[in-house]
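Hi,

Here is the structure I promised to pass on. Have a look at it first, and then read my notes below.

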Amino acid sequence: MKDSTYLLVNQVVLPQVFIKVLEAKEYLRTAQASSTTEAVRMAGISRSVFYKYKDAVYPYHGKAENQIITVQVVLYDRPGVLLSVISAFYSQRANILTINQNIPVNGTALVSISCQVDNLQGSINDLLHYLKQVNGVQRIEHITGESMKEV
């Protein structure tokens, strides 16, 4: 077979060996196993089976998994504003990965926030509009991710 053809198949119909290979790969990815030998032992397969299928079997996660966006927020320099913004991310089920806040100048501070949006309560635009409503937010700009726009 010269051209690779990919199929999306329900795991319940696959031979158990493929599921075990995925299990071993997950042990390695999450550092539950420190080596291939340990991962295959934990999964209950041989190293030869793992190496035979490891480059051919992948889990399907859909588009949203590990989707990360970065927003730039201009905040008024008042106590509690950043905490309110962080709480807003939390309430919308965005997982904050990094926060970079500049020193306030002329009463405002520029803050860049990167977050994982796999489990958002709504859309990214809903999140941005929700953040804009936080008391103390002057401006929000979505700088990376699905689309770039100012809210």
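One definition before the rest: a residue counts as exposed when its relative accessible area is over 50%, as buried when that value is under 20%, and as partly exposed in between. Val 13 has a relative accessible area of 62%, so it is exposed. Keep in mind that this is a predicted model.

Val 13 sits in the segment that comes before α1 (16-29). On the surface it belongs to a nonpolar patch with Leu 7, Val 9 and Val 12, and together the four have about 440 Å² of accessible area.

Now the overall layout. The protein chain has five helices and five strands, and along the sequence they run α-α-α-β-α-β-β-α-β-β. The chain has 151 residues, of which 28% count as buried. It exposes about 10,000 Å², with carbon and sulfur atoms supplying 51% of that. If you take the contacts between residues at least 6 apart in sequence, 60% of them join residues at least 24 apart.

What about the inside? The largest nonpolar core is made of 21 residues, and Val 71, Val 85, Phe 89 and Leu 127 have the most contacts inside it. The elements giving two or more residues to this core are two helices and three strands by label: α4 (81-91) and α5 (124-132), plus β1 (68-76), β3 (108-116) and β4 (137-144). Val 85 is a good place to start looking: leaving aside neighbours within four places in sequence, it is in contact with Leu 75, Ile 113, Leu 131, Val 134 and Val 137. Another core lies apart from this one, with nine residues, including Ala 24, Ala 39, Val 40 and Phe 50.

Then there are the aromatic pairs, and the count is two. Phe 18 and Tyr 53 meet edge-to-face, at 5.0 Å centre to centre and with 80° between the planes. Phe 18 is in helix α1 and Tyr 53 in helix α3 (residues 47-53), so this pair ties together parts that are 35 residues apart in sequence. Tyr 53 is partly exposed, at 23% relative accessible area.

The other pair, Phe 50 and Tyr 51, is edge-to-face too, with 5.5 Å centre to centre and 75° between the planes. Is each partner buried or partly exposed? Phe 50 counts as buried, at 4% relative accessibility, whereas Tyr 51 is partly exposed, with a relative accessible area of 39%.

Cheers

How values were computed:
Residues numbered from 1 in each chain as written. Predicted model: local features only at pLDDT ≥ 70, side-chain atom pairs only at ≥ 80, totals over all residues. Heavy atoms only, no water. Helix = DSSP H or I, 4+ residues; strand = E, 2+ residues; numbered from the N terminus. Buried < 20%, exposed > 50% of the residue type's maximum accessible area, 1.4 Å probe, protein only. Contact = heavy atoms within 4.5 Å. Areas by Shrake-Rupley, 256 points an atom, 1.4 Å probe, with all protein chains shown as cover. Patch = residues over 30% accessible without salt bridge, like charges linked within 9 Å, V, L, I, M, F, W, Y side chains within 5 Å. Salt bridge = Lys/Arg side-chain N within 4 Å of Asp/Glu carboxyl O. Phe/Tyr/Trp six-rings, centres within 6.5 Å; stacked < 30°, edge-to-face > 60°. Core = buried A, V, L, I, M, F, W, Y, C linked by side-chain atoms within 4.5 Å.
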